[in-house]
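Me: I've got a fold open on my screen and I'd like to talk it through. Can you help me read it?

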Amino acid sequence: MFSRIARPTLCIANRSLTTSSQNNAKVAVLGASGGIGQPLSLLLKNSPLVGELSLFDIAHTPGVAADLSHIETRAHVTGYMGPDQLNAALKGCDVVVIPAGVPRKPGMTRDDLFNTNATIVATLADAVARNCPEAMICIIANPVNSTIPITSEVMKKYGVYNPNRVFGVTTLDIVRANAFVAELKATPKVEFPADQLSALTARIQDAGTEVVKAKAGAGSATLSMAYAGARFTFSVLDAMNGKEGVVECAYVRSEETECKYFSTPLLLGKHGIEKNLGLGKLSAFEENLVADAIGELKGSIKKGEDFVANMK
Ligand SMILES: NC(=O)c1ccc[n+]([C@@H]2O[C@H](COP(=O)([O-])OP(=O)(O)OC[C@H]3O[C@@H](n4cnc5c(N)ncnc54)[C@H](O)[C@@H]3O)[C@@H](O)[C@H]2O)c1
């Protein structure tokens, strides 16, 4: 996944995952039984922002739903399993979060996941387009650089594409940047000498691989991703509830660079993206990082678009 280049001086401050506002949003998690899906569903069940939590997976959802439904918080939990129950899981959803798909093993790139995850995401996006086309769609499944173009093209096929409502969740990169910067220096605004800046940037970019290696074949980041996915979902819900000034980075349809999709800070509102806040003023170091990423990113976007164009 390519996320916005980490800019320590602009990192969004760490924030609590709790909130005092309430609403009755119906949130679906597709891939709810997985390494990310389970802790993500737990965090969503713990939030007063969620009125109904709809859990879908191809396996184990009855157990996950039964377990979560015993927690005393207000969200009503329902579990759906298998393709026959996908439509029912999505009816009336305001937000759909998608962590379904296979994760990386050591030695794999995110792009190695393309063949399996492209089909999974296209199938799920198709069901969203038919059942809750107005929902905010938050895609976690990798490679995000391609799964967002895939989702967008599927929505276009049904004439229900709204680029302000389709998000590639890149919040984990921001969460990691905040954590790693805080390990080195605690007080904003921070500055780093060139050698430390380039080592820190490389660590943030490769942090997913750090976890894949440490888990030694047992998957990729799940708990930190669940935290990041919940943080992003709560921001979307807060903004839908009318809270002002909600800003999160996400990978979205974009005019900010020569790539059709890019991850930048976004001002969120009642209807999704209210304003793309753009890349801002970049240092020479950051400009080089963006330039380096453009070629590969364009290829990933085209690969996603071609996949949908060639779908039967
Ligand atoms: N965006 C990010 O920053 C980020 C970070 C980490 C991982 N990821 C990605 O998230 C995805 C999930 O990772 P994980 O560790 O939870 O994997 P996992 O294998 O533990 O869980 C995936 C879940 O998806 C389910 N699933 C498979 N096909 C499905 C379908 N057609 N419909 C519904 N559910 C289906 C599986 O049954 C499983 O429960 C991977 O693609 C991974 O690369 C993204």
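Here is a short chat about the overall fold, two helix pairs and one loop residue.

Me: What does the protein contain in helices and strands, and how compact is it for 312 residues?

Reply: Bear in mind that this is a predicted model. The protein has ten helices and nine strands. For 312 residues the globule rule gives 20 Å, and the radius of gyration comes out close to that, so the protein is as compact as a globular protein of that length; the value is 18 Å.

Me: What share of the contacts joins residues at least 24 apart?

Reply: Start with the overall picture: the C-alpha trace spans about 55 × 45 × 40 Å along its principal axes, and buried residues make up 53% of the 312. Now take the contacts between residues at least 6 apart in sequence; the share of those joining residues at least 24 apart is 74%.

Me: Is H1 parallel or oblique to H9?

Reply: Helix H1 covers residues 37–45 and helix H9 covers residues 223–240; their axes come within 8 Å and cross at roughly 40°. Angles under 35 degrees would count as roughly parallel. The crossing angle therefore makes H1, relative to H9, oblique.

Me: Which residues of H1 meet H9, and how many charged residues does that contact have?

Reply: On the H9 side you'll find Leu 223, Ala 226, Tyr 227, Gly 229, Ala 230, Thr 233 and Phe 234, and they are met by Pro 39, Leu 40, Leu 43 and Leu 44 of H1. By class, the contact has nine nonpolar and two polar residues, and the number of charged ones is: none.

Me: What is the handedness of the crossing of H4 and H5, and how many nonpolar residues are in their contact?

Reply: Helix H4 (residues 114–131) packs on helix H5 (residues 144–157) at about 35°, with the axes 9 Å apart, and the crossing is right-handed. Residues that meet there include Phe 114, Val 121 and Asp 126 from H4, and Ile 150, Val 154 and Met 155 from H5. Sorting the contact by class gives one charged residue, three polar ones and, for nonpolar, ten.

Me: Is Ser 33 buried or exposed?

Reply: Ser 33 sits in the loop between strand E1 (25–30) and H1. Beyond its neighbours within four places in sequence, Ser 33 touches Gln 38, Asp 57, Ala 59, His 60, Thr 61 and Val 64. The cut-off is under 20% relative accessible area, and Ser 33 has 12%, so Ser 33 is buried.

Key:
Residues are numbered from 1 along each chain as its sequence is written. This is a predicted model: local features need pLDDT of at least 70, side-chain atom pairs count only at pLDDT 80 or more; totals for chains, interfaces and linings use all residues. Side-chain values use heavy atoms; hydrogens and water are left out. Axes are lines fitted to C-alpha atoms, for helices over the stretch in contact, and angles run from 0 to 180 degrees between N-to-C directions. Helices (H or I, at least four residues) and strands (E, at least two) are DSSP runs, numbered from the N terminus. A crossing is left-handed if the near helix is turned anticlockwise from the far one by less than a right angle, and right-handed if clockwise. Contact means heavy atoms within 4.5 Å. Ala, Val, Leu, Ile, Met, Phe, Trp, Tyr, Cys and Pro count as nonpolar, Asp, Glu, Lys and Arg as charged, and the others, Gly among them, as polar. Angles under 35 degrees count as roughly parallel, over 145 as roughly antiparallel, 65 to 115 as roughly perpendicular and the rest as oblique. The radius of gyration is taken over C-alpha atoms; the globule rule is 2.2 Å times the number of residues to the power 0.38. Buried means under 20% relative accessible area, exposed over 50%, partly exposed in between (1.4 Å probe, protein chains only).
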